[in-house]
Amino acid sequence: MRNMRGVIDRFEGDRAVLLFDDDSQASWPRSQLPAEAREGDHLRISITIDAAATKQAQAEAEELLKQLLEKNNLD
């Protein structure tokens, strides 16, 4: 898990500009922030890998590739 800290620098329409500890910044959908979030609020953001979703997506891609290869062999 990766934990990041940032601050809401400003809002630009429906986006929030977040500034992070490493001097990077990101434009974040305002709808993905808590409703009470305001400029100057400090945030903790946790990022994790969804292993089950990754595995499912890989299986779907492999199945599609298999179907395409089988179709090409029939043509």
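**Exercise 1.** Is Asp23 buried or exposed?

*Solution.* Start with where to look in this predicted model: Asp23 sits in the loop between β2 (15-20) and β3. Next, take its relative accessible area, which is 76%. The cut-off for exposed is over 50%, so Asp23 is exposed.

Now stay with this residue and check its backbone. Most residues other than glycine have a negative phi. Asp23 is not a glycine, yet its phi is positive, about 70°.

**Exercise 2.** Work out which strands stand at the edges of the sheet.

*Solution.* First, write down the order of the four strands: β3-β2-β1-β4, in an open sheet with antiparallel pairing. Then look at the two ends of that order: β3 (25-29) and β4 (42-47) each have a single partner strand, so one side of each is left without a neighbour in the sheet. As a last step, compare directions: ignoring which way they run, neighbouring strands here are turned by 40° against each other on average.

**Exercise 3.** Find how β1 and β4 are joined, and what Asn3 touches.

*Solution.* Begin with the pairing: β1 and β4 are antiparallel partners over six bridges. For one example, follow Arg5 across to β4, where its bridge partner is Arg44.

Move on to Asn3, which belongs to strand β1 (residues 2-12). Leaving out residues up to four places away in sequence, Asn3 touches Ile45 and Ser46. With Ser46 there is also a polar contact, side chain to side chain, at 2.7 Å.

Finally, try Ile49: this residue is 46 residues from Asn3 in sequence, and their C-alpha atoms are 12 Å apart in space.

Note on methods: Residues are numbered from 1 along each chain as its sequence is written. This is a predicted model: local features need pLDDT of at least 70, side-chain atom pairs count only at pLDDT 80 or more; totals for chains, interfaces and linings use all residues. Side-chain values use heavy atoms; hydrogens and water are left out. Contact means heavy atoms within 4.5 Å. A polar contact is a pair of N or O atoms within 3.5 Å; within protein, one must be able to donate a hydrogen and the other to accept it, and residues adjacent in sequence count only if both atoms are side-chain atoms. Two strands pair if DSSP finds at least two bridges between them. Axes are lines fitted to C-alpha atoms, for helices over the stretch in contact, and angles run from 0 to 180 degrees between N-to-C directions. Buried means under 20% relative accessible area, exposed over 50%, partly exposed in between (1.4 Å probe, protein chains only).
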